[in-house]
Amino acid sequence: MIKTITTTPYADQAPGTSGLRKKVPVFQKPHYVENFVQSIFDSLDGFAGQTLVLGGDGRYYNREVIQRVLKMAAANGFGRVLVGQGGILSTPAVSNVIRKYKAYGGIVLSASHNPGGPDGDFGIKYNIGNGGPAPEKITDAIFARTRSITSYKIVEAPDVDLDRPGVSRLGDMNVEVIDSVADYSALMQQLFDFDRIGDLFRSGFRMKFDAMSAVTGPYAHAILERALGATAGTVMHGQPLPDFGGHHPDPNLVHAKEIYDLAMGTNAPDFCAASDGDGDRNLIIGRGIFVTPSDSLAMLAANAQLAPGYAKGLAGIARSMPTSGAADRVAQKLGIGMYETPTGWKFFGNLLDAGLVTICGEESAGTGSSHVREKDGLWAVLLWLNILAARKTSMLDIVQGHWATYGRNYYSRHDYEEVESDGANAMMKMLRDQLPSLKGKTFGALEIAGADDFAYHDPVDGSDSKNQGVRILFPDGSRVVYRLSGTGTAGATIRIYIEKFEADASRHNVETQAALGDLIALSRNLSRIEHYTQRSAPSVIT
Ligand code: VG1
Ligand code: CO
């Protein structure tokens, strides 16, 4: 019944910032999925008879790959797989299920914010027993294994019925189809004051949540509309579609423009939000006020104790290096630890496990806490709702009050998507080569105070991660950061992150791009980006 199939390695199965991501036709090559999944299993030990959690964001190819992973898990000796109904589990839901049922690990099928469909993207990610993304030690081992793999194991059996909850047998393994939403919803009810948020909705508070035809639809319907009593229609695009309706399920100002326009329009709802393909990101917009993810992290941290799950206060805060320093100011005021990590949620796991931090965030619209080991889109929305319900005031008031107390970190990210890899690599090399000579150089009124290539030493396991992004630092705390994306599937994507701190409240209402104008110009001149990419402007500004 267990078959061993001969295969040959693919050279391109290196996991990036968040798992292996490729175009669907690449994943459809013979044995491509199987090679990677077997390489995951071959890089782990001690899982015989243990539980694996499995689910995906519902994108094109999800169901086929779920069946193959089930059959391979059975052939490789897992005792049980918990799989979301219909193959659906959001990334934070997978993290929760792994933790709650003490599973050995989990596999998430998602390319997150990348587009879906037959010509879109697909992805596979492995999460460890703490519920978080595999650390680099494991992803490096998986990649090494993909380079030498010669065979994989799979059970020959009919497909499992994914649509009916319940237990069935596959070889010597149990397959348990679980409700995709129930465990996650129960966790949210432990963390937040649902009665108080319900009162807020009953008092006439209006909200719109854009699920972007991706995985959070069922979660948002169940939690916002059914459990909390928000009016029907609060959730937009709530049905997960294999191609996300042809859109990028990326909750930024370009791809979530519909909800942005709604929030900025006349008769806008009090609160608007969106989440991405796999449900781990969040976009937060109040009536007439966009909150950058970096600001959102700082504001959530400053107010978290208003939610029952965080009433005891925070142990510390962590943010990825490109994320603005707004949260640092909150940590300083609270007198708690602040940690700066490389991009990607896998770097937060150790800090959370060690109890050093409670809340983490990334500028890319990812925020989360110790409740799971992934970023969590709906969690951020619910924490904001809990804060709004407790403070009984508007988003605008909370945001402006925060800036008045802590100062404002103007922040923007400029992405140059799908440029030629050679040009992007040459640009990064040129910047790195210049690093030793940048200190003291002036550009108009701006003098560079320091420049480096960010390196991280993990205080918990002692591991080192180098070359995590070029940082140009200025005396007033302003920064320009350059790095290449590790989640794209075509060419290279250059990200330039620009930040400027403004203490003076009378200058807190300048348009962001204008406030950052001189730094933006400097960031382009210094990198000669137009020369290296032949692009005169970014493709996405967030
Ligand atoms: C991007 C973001 C990063 C995030 C990662 C995964 O990575 O910048 O902050 O953790 O996506 O998010 P990169 O390497 O392209 O900059 V998700 O929602 O795709 O799981
Ligand atoms: Co995501």
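**Entry 1: R479**

I looked up R479 first and found that R479 counts as buried at 8% relative accessibility; buried means under 20% relative accessible area, exposed over 50%, and partly exposed in between, with a 1.4 Å probe and protein chains only. The model is a predicted one, in which local features need pLDDT of at least 70 and side-chain atom pairs count only at pLDDT 80 or more, while totals for chains, interfaces and linings use all residues; side-chain values use heavy atoms, with hydrogens and water left out. Residues are numbered from 1 along each chain as its sequence is written, and chains are lettered from A and ligands numbered from 1 in the order in which they are written.

R479 belongs to strand β26 (residues 479-484). Helices (H or I, at least four residues) and strands (E, at least two) are DSSP runs, numbered from the N terminus. I then listed the contacts of R479, where contact means heavy atoms within 4.5 Å. Neighbours within four places in sequence left aside, R479 touches residues including R319, E340, F474, Y497 and E499. I also noted L519, which is 40 residues from R479 in sequence, with 8.2 Å between their C-alpha atoms.

**Entry 2: the cobalt ion**

Which residues are the protein donors of the cobalt ion (ligand 2)? I found S112 (OG), D276 (OD), D278 (OD) and D280 (OD), at 2.0 to 2.1 Å from the ion. Donors are N, O and S atoms within 2.8 Å of the metal (3.2 Å for Na, K and Ca); water is not among the atoms, so sites may look incomplete. The sequence spacing of the donor residues reads S-x163-D-x1-D-x1-D. I checked the accessibility of two donors: D278 is buried at 3%, and D280 is buried at 2%.

**Entry 3: residues and packing in helices**

I located Q38 in helix α2 (residues 32-42). Q38 is buried, at 2% relative accessibility. Apart from neighbours within four places in sequence, Q38 is in contact with M72, N76, I149, S151, Y152 and K153.

For helix α6 (residues 182-191), I recorded D183, Y184, S185, L187, M188 and L191 as the buried residues. They pack against α4 (91-100), β9 (173-178), α7 (194-202), α8 (216-227) and α13 (377-391).

N425 lies in helix α15 (residues 421-438) and is partly exposed at 43% relative accessibility. N425 and N252 are 173 residues apart in sequence, and their C-alpha atoms are 26 Å apart in space.

**Entry 4: positive phi angles**

Most residues other than glycine have a negative phi. I therefore noted F244, which is not a glycine and has a positive phi of about 55°. F244 sits in the loop between β11 (235-236) and α9 (257-264). Is F244 buried or exposed? I found F244 buried, with a relative accessible area of 0%.

N467, also not a glycine, has a positive phi of about 55°. N467 is in the loop between β24 (464-465) and β25 (470-473), and counts as exposed at 54% relative accessibility.

**Entry 5: the whole protein**

I counted 18 helices and 28 strands in the protein. The radius of gyration is 23 Å, close to the 24 Å of the globule rule for 542 residues, so the protein is as compact as a globular protein of that length. This radius is taken over C-alpha atoms, and the rule is 2.2 Å times the number of residues to the power 0.38. Of the 542 residues, 58% count as buried. Among contacts between residues at least 6 apart in sequence, 72% join residues at least 24 apart.
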